[in-house]
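Student: Can we go through this one together? I'd like to start with the strands.

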Amino acid sequence: MKSLRHRAREFLESRGYWLRHRSVLPTGIDYQHDIRRLCNLLHVSVRVFFDVGANTGQTSIAALENFPEASIYAFEPARSTFTALTGKIHDHRFRAFNVALSDKAGQSRFFDYGPLATSNSLVERAQYAVRAGHTATIDTVDCETLDEFCSRERVDSIDVLKIDTEGHDLAVLSGATRMLDQDRIRFVYVEFNTLLPKADTTGGALLPISECLEPRGFRFVATYPEYLITTGEFFVTCNALFVRAESGQGP
């Protein structure tokens with residue numbers, strides 16, 4: 001006689017659902033789950049998580065749940081979005097900073113798309129904004145480098161560096177050369193739209209990011225598609241996970 005669990009699985013799969021235990025979930029579905037599995041294999045843990053381009057806290061909330069030992073540092077330069085972020089999350093392991101991480105300190109133009117806040121960026125011609133024809137208002141935000149921030153806040157290492165800055169991701173990494181060169185960052189998770197740079201846009205290409213990370217000992221793990229647009233010009237938004245794994249680590 002079939003068990004209740006087996007019958008429930010048959011019922012769900014007959015209606016198009018794919019039911020699998022998390023332990024056998026393929027790589028490339030849930031990056032935080034993949035990081036947890038890699039941590040077990042590499043015998044490391046996540047204690048510091050940087051959420052760069054935190055928006056209203058979607059990533060930070062998940063990280064607080066998935067990495068119970070981690071301190072979460074969230075960076076969001078847009079003032080109204082930062083207010084929503086800090087109003088949503090109240091946890092002693094969470095710290096939020098109303099600043100943008102970049103390749104230099106100071107003030108920078110910030111392109112604010114209002115209700116389409118997930119498109120906000122420090123670059124004027126981010127791939128998605130150009131593709132969608134969004135119109136931005138221009139504001140000014142404070143910037144600092146990741147290296148400067150870590151020195152000031154005495155952050156010795158970063159276990160997960162998540163960057164979602166709409167075309168500014170490589171600049172964030174350029175401001176982290178000391179931490180990268182000293183092997184103080186373990187995982188890097190970044191957004192991309194194309195493999196190669198696209199003419200008349202800024203950022204959004206994966207290859208320049210890989211060229212920055214792989215010579216420093218990082219290895220590509222997987223991609224994580226978010227959505228694709230098939231009407232008009234074909235457009236994809238994905239993320240990529242890299243890990244720095246020293247020789248001899250793992251099973």
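Student: In which sense do strand 8 and strand 10 pair?
Tutor: This is a predicted model. In it, strand 8 and strand 10, the latter covering residues 235–244, pair in the antiparallel sense over six bridges.

Student: Which residue is the bridge partner of V190 in strand 10?
Tutor: A240 is the partner of V190 there.

Student: And strand 7 with strand 8, parallel or antiparallel?
Tutor: Parallel, over five bridges, with strand 8 running through residues 185–192. One of the pairs across these strands is K162 with Y189 in strand 8.

Student: How many bridges join strand 1 and strand 7?
Tutor: Four, and the pairing is parallel; strand 1 is residues 48–52. V52 stands opposite I163 of strand 7.

Student: Is strand 7 mostly buried or exposed?
Tutor: Buried: six of the six residues in 158–163 are covered in that way.

Student: What is the strand order in the whole sheet?
Tutor: The order is 3-2-1-7-8-10-9, an open sheet of seven strands with mixed pairing. Strand 3 (94–97) and strand 9 (218–229) are the edge strands, each pairing on one side only. On average, neighbouring strands in the sheet are turned by 15 degrees against each other, direction ignored.

Student: Changing topic: which residues form the nonpolar surface patch with F11?
Tutor: L12 and Y17 join F11 in the patch, and together the three have about 320 Å² of accessible area. F11 lies in helix 1, residues 4–14.

Student: Why does F11 count as partly exposed?
Tutor: Because its relative accessibility is 46%, and partly exposed lies between the 20% and 50% cut-offs.

Definitions and conventions
Residues are numbered from 1 along each chain as its sequence is written. This is a predicted model: local features need pLDDT of at least 70, side-chain atom pairs count only at pLDDT 80 or more; totals for chains, interfaces and linings use all residues. Side-chain values use heavy atoms; hydrogens and water are left out. Buried means under 20% relative accessible area, exposed over 50%, partly exposed in between (1.4 Å probe, protein chains only). Helices (H or I, at least four residues) and strands (E, at least two) are DSSP runs, numbered from the N terminus. Two strands pair if DSSP finds at least two bridges between them. Patches are made of residues with over 30% relative accessible area and no salt bridge: like charges are joined within 9 Å, nonpolar side chains (Val, Leu, Ile, Met, Phe, Trp, Tyr) within 5 Å. Accessible areas come from the Shrake-Rupley method with a 1.4 Å probe; for residues, only the protein chains shown count as cover. A salt bridge is a side-chain nitrogen of Lys or Arg within 4 Å of a carboxyl oxygen of Asp or Glu. Axes are lines fitted to C-alpha atoms, for helices over the stretch in contact, and angles run from 0 to 180 degrees between N-to-C directions.
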